[in-house]
Amino acid sequence: MTDVFLECQEINELLETQNEAQARNKLIKLLDHHEKENIPYSELLNHLIRKAGLYPYLQPESARWDDQFVYEAFKVDTGRGDIKTLHREQSHVLKRIIEGQSVAISAPTSFGKSFIIDSFIALKSPKTIVIIVPTIALMDETRRRLYKKFSDKYKIITTTEAVLSENNIFIFPQERALHYVDKIEAIDLLIVDEFYKASISLEKSNKDRSLSLIRAIMKLGEKAAQRYFLAPNIKEIENNAFTQGMDFVEMLDFNTVFLEKHDLYTEIGKDIEKKKSALLEILRRDVCKTLIYAGTYVDIDRVATLIQSNYPAKQNALLENCAKWLEEHYDANWGLAQLIRRGTGVHNGRLHRALSQIQVHLFEEENGLDNIVSTSSIIEGVNTSAENVIVWRNKNGSSKLTDFSYKNIIGRGGRMFRHFIGRIYILEAPPTEENTKLDIPFPDNILMEVDETKLKTVLSEEQIKKIILHRQEMKQLIGSTFEKLLKENAFQTTDIELIKKIATDIKTDPDKWNGLSFLNSDDPAQWDRLLYAAMGFQAGDWDIEYRKFVAFVKALSRNWSESIPELLDDLAEQDIDIEKFFTLEKNVSYKLSALMSDISVLHRAILGSSVDISPFISKLSHAFLPSVVFQLEEYGLPRMISKKLHEHKVINFLDRDLTVHTAIETLNKNKVSILEASYLDEFDRYIMEYFYDGITLSSVKQSLKSV
């Protein structure tokens with residue numbers, strides 16, 4: 001039995017001797033005990049909470065007047081009258097940003113960094129905010145939060161080519177941010193979430209994305225009055241060109257939850273049967289929200305098979321409706337449907353965006369999914385957390401898990417006001433602990449876009465020589481328009497050598513690119529030769545042999561007119577199943593569309609061609625769906641439901657003048673009739689309600705007198 005007074009005495013002694021981190025851990029465990037035993041907080045406990053800086057945890061009704069005063073004094077409006085009490089370190093960072101400082105902050109996952117952004121917008125009413133996030137999923141999560149609070153005063157922009165308003169909040173991944181470099185005149189605050197991803201040494205498997213982020217930081221940073229960069233688990237930042245003039249604030253010891261680690265790997269060793277038994281035992285014993293980090297796609301399948309073999313389907317109408325919906329709209333034999341019937345979902349980078357969002361939403365529901373099995377996408381794609389985190393593998397794809405990524409994963413355990421304690425079960429030996437020092441060297445790959453006179457203090461002599469040589473080579477190939485193309489951010493790739501390879505090919509063998517306009521044909525049979533030619537520039541990057549990828553692109557051209565099950569029937573002879581479908585569709589909308597865009601730019605510049613294949617490139621980038629349908633999937637609305645709305649004349653998605661913003665206006669106007677429509681089934685309506693939650697302005701409005 002816990003002796004509360006004795007625990008309080010020990011916590012106070014730790015605070016008095018400046019052992020704050022240890023004191024907070026003991027305090028958080030004591031708060032967990034109070035919650036589980038339904039014990040009201042005493043004046044003493046409230047006072048210790050205040051001394052530890054955890055002001056949001058105060059219970060003012062049982063606190064002394066001075067502790068009540070602190071609880072009220074640290075309240076801020078986080079948007080539309082949503083009043084929150086910040087903890088001490090949140091308030092410290094907010095104060096610095098309000099005063100105009102640029103700050104790079106490293107803090108635990110549970111720190112509550114988003115409240116600082118929301119409070120800044122509510123308090124300062126800036127005209128232009130740019131938020132760069134690492135993934136589409138995190139973009140939508142951020143958009144949902146800010147839309148509810150600020151869409152009456154700001155245009156929330158997440159897509160390319162949107163018409164700007166007087167006040168704008170831009171939220172997008174780094175690649176999309178580059179589309180607005182020439183359209184945004186000034187930025188009040190540039191926010192980069194997970195800015196460690198600019199480090200190629202930390203993101204070895206995503207080098208291209210690191211380069212894109214560096215480009216975005218470099219170009220948008222020049223227009224920003226202030227910068228606010230966020231990351232977990234960074235102890236130090238080396239001098240670099242991208243965080244110059246910023247104060248680095250490291251708060252890794254300021255945790256708001258306690259991570260209770262269970263090193264089960266010491267008993268398991270390399271015995272796979274013991275490992276399986278340990279996983280099943282945890283799931284049977286602790287029926288609560290659990291994230292299972294599998295690390296690889298193969299291990300996701302192993303864990304999924306283990307759960308399917310040992311758990312019967314739950315008697316849960318919501319999950320049954322979800323499973324049937326997946327079988328109808330994706331694949332009647334898809335294992336994910338059977339897994340969901342057993343209360344477990346899957347999160348990875350392959351799935352359609354709306355599918356991942358729906359599963360995370362079900363995971364947040366009390367009566368929804370109990371578990372999510374994931375690759376690293378769960379740590380970089382969403383801000384969800386769980387009471388339990390199970391580390392099944394110490395891998396991240398084909399690479400060993402780094403200590404940095406490992407800390408990110410276990411940091412998903414626990415959440416303020418929901419789980420004081422996050423239980424971490426480690427089934428494979430973790431990486432060696434280390435303090436991560438962030439380095440962001442100036443990469444050679446983006447030298448073609450650099451003004452060496454402006455950055456001569458951070459560039460080496462060798463890099464300056466490379467810039468001059470590269471420009472000479474490109475001017476010989478392209479001519480004087482090369483500089484203009486760079487200023488317009490015309491190139492999609494960050495790979496200097498790829499641009500040079502394409503330019504050389506077009507210059508030396510122009511006949512190879514005769515008939516480029518055939519790509520605009522509605523007859524996919526006209527596309528083969530040119531697709532093969534384009535794919536050759538990035539051999540090995542398509543996750544399937546050329547012949548099958550070309551067949552897939554041609555089949556995908558019917559993505560709006562046919563259902564996914566119908567397309568899969570057509571693609572069966574190419575050995576393309578639902579999982580491969582997701583991978584290849586992403587390759588079309590990202591890799592192939594970007595490659596064809598660069599080919600088109602260089603073709604016009606080198607040959608003086610008037611051929612414009614932008615219609616074909618646009619189709620690729622939207623996976624041959626109407627552009628607004630593709631964009632609405634980022635908002636959580638699957639294409640199948642959009643097609644029903646189109647067929648019942650709610651919205652004409654083939655209207656060339658339709659934008660995502662006008663579509664949302666129409667959907668909001670017709671909300672009641674859509675939710676009552678007979679052509680939507682029960683799970684369609686569940687999805688629509690979730691979708692509407694993300695496009696509706698919050699009605700929250702509280703008195704600000706206490707602030």
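Sorted by class, the residues that line the largest cavity comprise five nonpolar, two polar and six charged members. The model in which this cavity appears is a predicted one, and the structure holds three cavities of 30 Å³ or more, the largest of which contains about 130 Å³ of space.

The lining of this largest cavity is made up of 13 residues, and those that lie nearest its centre are H352, R353, E585, K586 and F630. Two helices, α24 (578-607) and α26 (627-634), each supply at least two residues of that lining, and α24 gives the most, with five residues.

A second place to look is D299, which is found in helix α12, a helix that runs over residues 297-310. Is D299 buried or exposed? Its relative accessibility is 2%, and because buried means under 20% relative accessible area, D299 counts as buried.

As for the surroundings of D299, once residues up to four places away in sequence are set aside, this residue touches A294, W392 and R393. With R393, one of these partners, the relation can be described further, since the side chain of D299 makes a polar contact with the side chain of R393 at 2.9 Å.

To place D299 within the wider chain, one may set it against F691: the two residues are 392 residues apart in sequence, and their C-alpha atoms are 31 Å apart in space.

Key: Residues are numbered from 1 along each chain as its sequence is written. This is a predicted model: local features need pLDDT of at least 70, side-chain atom pairs count only at pLDDT 80 or more; totals for chains, interfaces and linings use all residues. Side-chain values use heavy atoms; hydrogens and water are left out. Helices (H or I, at least four residues) and strands (E, at least two) are DSSP runs, numbered from the N terminus. Buried means under 20% relative accessible area, exposed over 50%, partly exposed in between (1.4 Å probe, protein chains only). Contact means heavy atoms within 4.5 Å. A polar contact is a pair of N or O atoms within 3.5 Å; within protein, one must be able to donate a hydrogen and the other to accept it, and residues adjacent in sequence count only if both atoms are side-chain atoms. On a 1 Å grid over the protein atoms alone, a cavity is a set of points where a 1.4 Å probe fits but cannot get out, and a pocket is an open set with protein on both sides within 12 Å along at least five of seven lines; lining residues have an atom within 4 Å of a point. Grid points are joined across faces, edges and corners, and a volume is the space filled by probe spheres set on the points. Ala, Val, Leu, Ile, Met, Phe, Trp, Tyr, Cys and Pro count as nonpolar, Asp, Glu, Lys and Arg as charged, and the others, Gly among them, as polar.
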